[in-house]
Amino acid sequence: MATKQIPYKIYLSEEEIPRYWYNVKAHMKNEHPPFLNPATMKPCTKEELCQVFCEECVDQELNEKDEKIEIPEGIRDFYKMFRPSPLIRAYYLEKLLDTPAEIYYKFEGNNTSGSHKLNSAAAQAYYAKKQGLKSITTETGAGQWGTALAMASAFYGLHLDVYMVKVSAEQKPHRKEVIRTYGANVIPSPSDTTEAGRKILREFPGTGGSLGCAISEAVEKAVTSDSCRYVLGSVLDHVLLHQSIIGMESKIAMDKYGVKPDIIIGCMGGGSNFGGLIAPFMGDKLDGKNDIDFIGVEPASCPSVTRGKYVYDFCDSAKITPLAKMYTLGCGFMPSASHAGGLRYHGMSPVVSQLCHDGYLRAVSAEQTKVFDAAVMFAKCEGILPAPESSHAIRVAIDEALKCKAEGKKKTILFGLTGTGYFDMAAYKQYNDGTMSDYIPTDADLQKGFESIPKCPANEGLI
């Protein structure tokens, strides 16, 4: 129970910005299986990973022992421009729902990128600069990650090439212009600028692309360019680690007022923002200190956890990245052109996948129209227009609050509001016009993706 009157917004001071990231892997009962080199089917070595990623990011990727990993001052100084972010009590949403539940949300949209993505963008750009690199490459779905990394690259003096999922580039031309304003080069993906892109265009003519496609192109560009590395916006352990600052700040703010969450909810695409939000709370659960219900929400149109397989798969569509053990729809799965562009990824974070497989969290899916119903309700009572991705968490937070009302139970709900929706007006227009529809893949649709899962010894008996 809370011991103090809780304000609408709980702000931390600059001095309370965490000085370390929280490595939930140090508490996991089962470490997730290692990445595999697709050529040898043996665990990837540090040297192999360093050919693609920044060296310090690889060290963090492979660190399974240290709970606390220090945030360098050069990154904390960057964080001070937009952190700490507020933890907000959703009093008006509670009143509208007439629920006994207490609802809180951690708002990550109070920076120019409009999302949580800047937390890892700043870290990875810093490490690239420290390593002496001249340029980096990346992919972006909805555009938040591309925007964030463009900001960080400009700050640290790096050239950036962004492969943006083609359908998102078409739906969100203004997001593309923000990225270009910060000096980055934007290439709609799949493109004819890489062999991976050309191959995908031959196999899927007219495709709107996917995050898997864009990753393929960005990785190819990085490994064929001098003084360049690839920088990923989600999925990998070190990205989830950087996003743990969300959970750290949330826990500090809630502890100040004696608030103990019963349910924590986040949207899931690649899994880094959800994993970052739950990290310190999950660490306590793994140590037997709480029994929080962790819920990850994904789109029904791209249900990698709720309908996927827990197997080794490529992280990209062109099959040039290492194999990761994760929930996946198959690297060849082409998601529909939904408006939650940042959640249109075929796989899920190995950390989140392992925790889900072990029963420490659960996944649910939500249809697009129901997600936008929740987004509009939230915007009207809380005054923030949420991103389609974040609105998946809002949808389930509302559902859980209504369940509390029906059962007459008071529970404390925390969800992550990871970004704003001001570049998503095409989606809101479609919703307002009544032309938005829901696409849910059939079992036959999913089977096409499953057929792209590699038939390797590590997957024997699992496909």
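Where in the chain is the place of Asp98? Asp98 sits in the loop between helix H4 (91-97) and strand E5 (102-107), and the backbone there takes a positive phi of about 55 degrees although the residue is not a glycine. The structure described here is a predicted model, and the points below go through its nonpolar cores, two of its helices, a helix crossing, and several residues with notable backbone or packing features.

**Nonpolar cores**

- The largest nonpolar core has 74 residues, and of these Trp21, Val24, Phe294 and Leu361 touch the most other members.
- Two or more residues of this core come from each of strand E2 (20-22), helix H3 (73-79), helix H5 (118-130), helix H6 (144-156), strand E7 (159-165), H11, helix H12 (272-286) and helix H13 (350-357), and the greatest contribution is that of H5, with 8 residues.
- A second core, separate from the one just described, holds 28 residues, including Ala366, Ala374, Ile394 and Ala401.
- Val24, one of the residues that touch the most other members of the largest core, is in contact with Leu240, Ala279, Met282, Gly283, Leu286 and Val351 when residues up to four places away in sequence are not counted.

**Helix H6**

- With 13 residues, H6 reaches 18 Å from its first C-alpha to its last, close to the 18 Å expected at 1.5 Å a residue.
- Because 11 of its 13 residues are buried, H6 is largely enclosed by the rest of the structure.
- The buried residues are Gln144, Trp145, Gly146, Thr147, Ala148, Leu149, Ala150, Met151, Ala152, Ser153 and Tyr156, and the elements against which the buried residues of H6 pack are H3, H5, E6, E7, helix H8 (173-181) and H15.
- Just after H6, Gly157 takes a positive phi of about 75 degrees.

**Helix H15**

- Helix H15 (residues 388-407) has 20 residues, which at 1.5 Å a residue should span 28 Å, and the distance of 29 Å between its end C-alpha atoms agrees with this.
- Of the 20 residues of H15, 14 are buried, so this helix is largely enclosed by the rest of the structure.
- Gly408, just after H15, takes a positive phi of about 65 degrees.

**The crossing of H2 and H11**

- Helix H2 (residues 55-62) and helix H11 (residues 237-256) have axes that come within 8 Å and cross at roughly 85 degrees, an angle that makes H2 roughly perpendicular to H11.
- On the H2 side the contact is made by Cys57, Gln60 and Glu61, and on the H11 side by Asp237, His238, Leu241 and His242.
- By character, the residues of this contact divide into 2 nonpolar, 3 polar and 2 charged.

**Cis peptide bonds and the surroundings of Pro190**

- The peptide bond from Arg83 to Pro84 is cis, with omega near 0 degrees, and Pro84 is found in the loop between H3 and strand E4 (87-89).
- The peptide bond from Ser189 to Pro190 is also cis, with omega near 10 degrees, and Pro190 is found in the loop between strand E8 (185-189) and H9.
- Leu201, which lies in helix H9 (residues 195-203), is 11 residues from Pro190 along the chain, and the C-alpha atoms of the two are separated by 6.6 Å.
- Leaving aside neighbours within four places in sequence, Leu201 is in contact with Lys166, Pro190, Ser191 and Asp192.
- Leu201 has a relative accessible area of 25% and is therefore partly exposed, the range for this class lying between the cut-offs of 20% and 50%.

**Asp98, Ser227 and Ser135**

- Asp98, the loop residue of the opening question, counts as exposed because its relative accessibility is 52%.
- Ser227 has a phi near 50 degrees, a positive value in a residue other than glycine, and its place is in the loop between helix H10 (211-223) and strand E9 (228-230).
- At 28% relative accessibility, Ser227 counts as partly exposed.
- Ser135, found in strand E6 (residues 135-140), counts as buried at 12% relative accessibility.
- Not counting residues up to four places away in sequence, Ser135 touches Leu158, His159, Asp226, Ser227, Cys228 and Arg229, so the list of its contacts includes the positive-phi residue Ser227.

Key
Residues numbered from 1 in each chain as written. Predicted model: local features only at pLDDT ≥ 70, side-chain atom pairs only at ≥ 80, totals over all residues. Heavy atoms only, no water. Axes fitted to C-alpha atoms, helices over the stretch in contact; angles between N-to-C directions. Helix = DSSP H or I, 4+ residues; strand = E, 2+ residues; numbered from the N terminus. Parallel < 35°, antiparallel > 145°, perpendicular 65-115°, else oblique. Contact = heavy atoms within 4.5 Å. Nonpolar A, V, L, I, M, F, W, Y, C, P; charged D, E, K, R; others polar. Core = buried A, V, L, I, M, F, W, Y, C linked by side-chain atoms within 4.5 Å. Buried < 20%, exposed > 50% of the residue type's maximum accessible area, 1.4 Å probe, protein only. Expected span 1.5 Å × (residues − 1).
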